[in-house]
Amino acid sequence: MKFKADEIASVIQKEIEDFRGQVQTSEVGRVLEVGDGIARVYGLQSAMAGEMVEFQSGVRGLVFNLEENSVGIIILGDYLSIAEGDEVRATGALLSVPVGDAMVGRVVDPLGNPLDGKGPIIAESARPLEYAAPGIAGRQPVKQPLQTGIKAVDSMTPIGRGQRELIIGDRKTGKTAVAIDTILNQKGSGVICVYVACGQRASNVAAVIDKLREHGALDYTIVVSATSSDPAPLQYIAPYAGCAMAEHFMYNGKHTLVVYDDLTRQAQAYRQLSLLVRRPPGREAYPGDVFYCHSRLLERSAKLSDELGGGSLTALPIIETLDGEVSAYIPTNVISITDGQIYLEPSLFLAGIRPAINVGISVSRVGGNAQTKAMKKIAGSLRLDLAAFRELEAFAQLGTELDKATQRQLDRGYVMVELLKQPQFGPLHFADQVISIYAGTKGYLDDVPRSQVAGAEQELLAFMKEQKSEVRDKIISSGELAADTETALKFALDEFKAKYLASTK
């Protein structure tokens, strides 16, 4: 191979001509002490709160505390690789996570690194973890329903796109099940879902991912995982990371749903970090700004105005209570930030009423605005009817003689309770919910024994889908129960009732 001297000379000459002497400066500090996921660093004079820094070992950190002579940094990774005296370099950038279509269908940690073994993620852009919530002018009222596929929720505590609905209850009452069913029900609706597992057991997170994959929901879902074995800093930033990933789609005019499972663990991780950097403790040893920690996260949920693209971010934060103590510090904080709550009661769960939703305490502050007209029409009195039934049931337990009307009301109540039960991973289409609840409230299932209500409902829905599909299609296309549709539905239900009772005799 021959070298051409004139070519080499011309390249060197061009390089010399284009050379611009640039001195790259970056502020460098030194680690004073390190331990428990926290590092105190001296020398970063112009560090900003929330700024990303890089340690000598390549681990990233987040500026958490600005003190007089040093900076408190939370370490986002393995703090055991950092030693006293190590260099710390300021980046001048806020902590960001990769966002975009490349993230969908992947399982990532709160920094956007893949955890599913499917190779690196080539994301089109990054987005800061902390971002200002849209103002009043940038929002519009919540009017569009977000169907959960759960009869008890869609009929009595409806959720709208852009709403924040808290799921609250003791451990093992089915909180995650409600959230996962809601994600499964978004199939084909164009809603992109983000499931944030914060402080959960790794086995639980693996089980959730398996279920999402099994039902084809991973195709439109991002899973952000910070398990209980991960350091507290990662558990603390996980919800913000999930929110940032969803926000990217919201500001591009799409609809998103984020599940924060759960914010109790995030508050505990934040408390741990705050105490380690010696911030003064308040009630239950939480720092004074733990309310702001959650409010700045949940306020980012919104239905954007049409000028901003009309996208939405719906949040389902989950809070775990101890012995049903809804009035504890963190539960009351989050209740006051959200637009309603779904309260799951252990006694109902153990009695086999699942989802174990307590109708009395559960509420949606958006109400009927987030319901289809058909559902609004048939479910208007359902909550009151169930509350009256609960009172009657308590009264009937005294063993007093009941008149026929009261007995009929009791029987109808038992049918409705059976009808509102629903198996896990079996979300229903809203038209099927309308047909089912209409049949129950109008007394078409009153003659069915309590133990056979679930079977009768399955047969009814199959009958409507196969033999009376025109009635079902009309409810789906119009979204309301017009007079002619209702008449056709009544005829169909009469026909089904006659067939069903004849077949059971």
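Trainee: Let me start with one pair: in what kind of contact do the side chains of Lys377 and Glu486 meet?

Mentor: A good place to begin! In this predicted model, the general idea is to look for a side-chain nitrogen of Lys or Arg within 4 Å of a carboxyl oxygen of Asp or Glu. Lys377 and Glu486 meet in a salt bridge, with 3.0 Å from N to O. Lys377 belongs to helix 10 (residues 373-379) and Glu486 to helix 16 (residues 483-504), so the salt bridge ties together parts that are 109 residues apart in sequence.

Trainee: Is Glu486 buried or exposed?

Mentor: Here you compare the relative accessible area with a cut-off: under 20% is buried, over 50% is exposed, and partly exposed lies in between. Glu486 has 15% relative accessibility, so Glu486 counts as buried.

Trainee: How many salt bridges does a search of the whole structure find?

Mentor: The search finds 27. One of them joins Lys151 and Glu457, whose closest N and O atoms are 2.7 Å apart. This pair also links distant parts of the chain: Lys151 sits in helix 2 (residues 151-156) and Glu457 in helix 14 (residues 453-466), 306 residues apart. Both partners, Lys151 and Glu457, are buried.

Trainee: And how are Asp262 and Arg265 classed, buried or partly exposed?

Mentor: Each residue is judged separately, even within a pair. Asp262 and Arg265 form a salt bridge at 3.4 Å, N to O. Asp262 is buried because its relative accessibility is 2%, while Arg265, at 23%, is partly exposed.

Trainee: Which residues are linked in a network of salt bridges?

Mentor: Arg139, Arg164, Glu299 and Asp339 are linked in this way. For the charges of the whole protein, count 53 positive and 62 negative side chains. The centres of these two sets lie 4 Å apart.

Trainee: Let us turn to helices. Why is helix 3 described as largely enclosed by the rest of the structure?

Mentor: To read a helix, go along its residues and see how many are buried. Nine of the 10 residues of helix 3 (residues 175-184) are buried, so the helix is largely enclosed by the rest of the structure. Among the buried ones are Lys175 and Asp181, along with Val178, Ile180, Ile183 and Leu184.

Trainee: What about the surface: which residues form a nonpolar patch there?

Mentor: Look at Ile8, Ile12 and Ile16, which together have about 290 Å² of accessible area. Ile8 is part of helix 1 (residues 5-18). With a relative accessible area of 41%, Ile8 is partly exposed.

Trainee: Then is Leu350 buried or exposed?

Mentor: Leu350 is exposed, because its relative accessible area is 71%, and its place is in helix 9 (residues 346-350). For a sense of distance, the C-alpha atoms of Leu350 and Arg89 are separated by 55 Å, with their positions 261 residues apart along the chain.

Trainee: Now let us step back. How many helices and strands does the protein have?

Mentor: There are 16 helices and 16 strands. Along the principal axes, the C-alpha atoms fill a box of roughly 100 × 60 × 45 Å. Of the 505 residues, 51% count as buried. The exposed area is about 23300 Å², and carbon and sulfur atoms supply 52% of that area.

Trainee: What share of the contacts with a separation of 6 or more comes from residues 24 or more positions apart?

Mentor: Those residues account for 73% of such contacts.

Note on methods: Residues are numbered from 1 along each chain as its sequence is written. This is a predicted model: local features need pLDDT of at least 70, side-chain atom pairs count only at pLDDT 80 or more; totals for chains, interfaces and linings use all residues. Side-chain values use heavy atoms; hydrogens and water are left out. Helices (H or I, at least four residues) and strands (E, at least two) are DSSP runs, numbered from the N terminus. Buried means under 20% relative accessible area, exposed over 50%, partly exposed in between (1.4 Å probe, protein chains only). Contact means heavy atoms within 4.5 Å. Accessible areas come from the Shrake-Rupley method with a 1.4 Å probe; for residues, only the protein chains shown count as cover. Lys and Arg count as positive and Asp and Glu as negative; His and the chain ends are not counted. The place of a charge is taken as NZ of Lys, CZ of Arg, CG of Asp or CD of Glu. Patches are made of residues with over 30% relative accessible area and no salt bridge: like charges are joined within 9 Å, nonpolar side chains (Val, Leu, Ile, Met, Phe, Trp, Tyr) within 5 Å.
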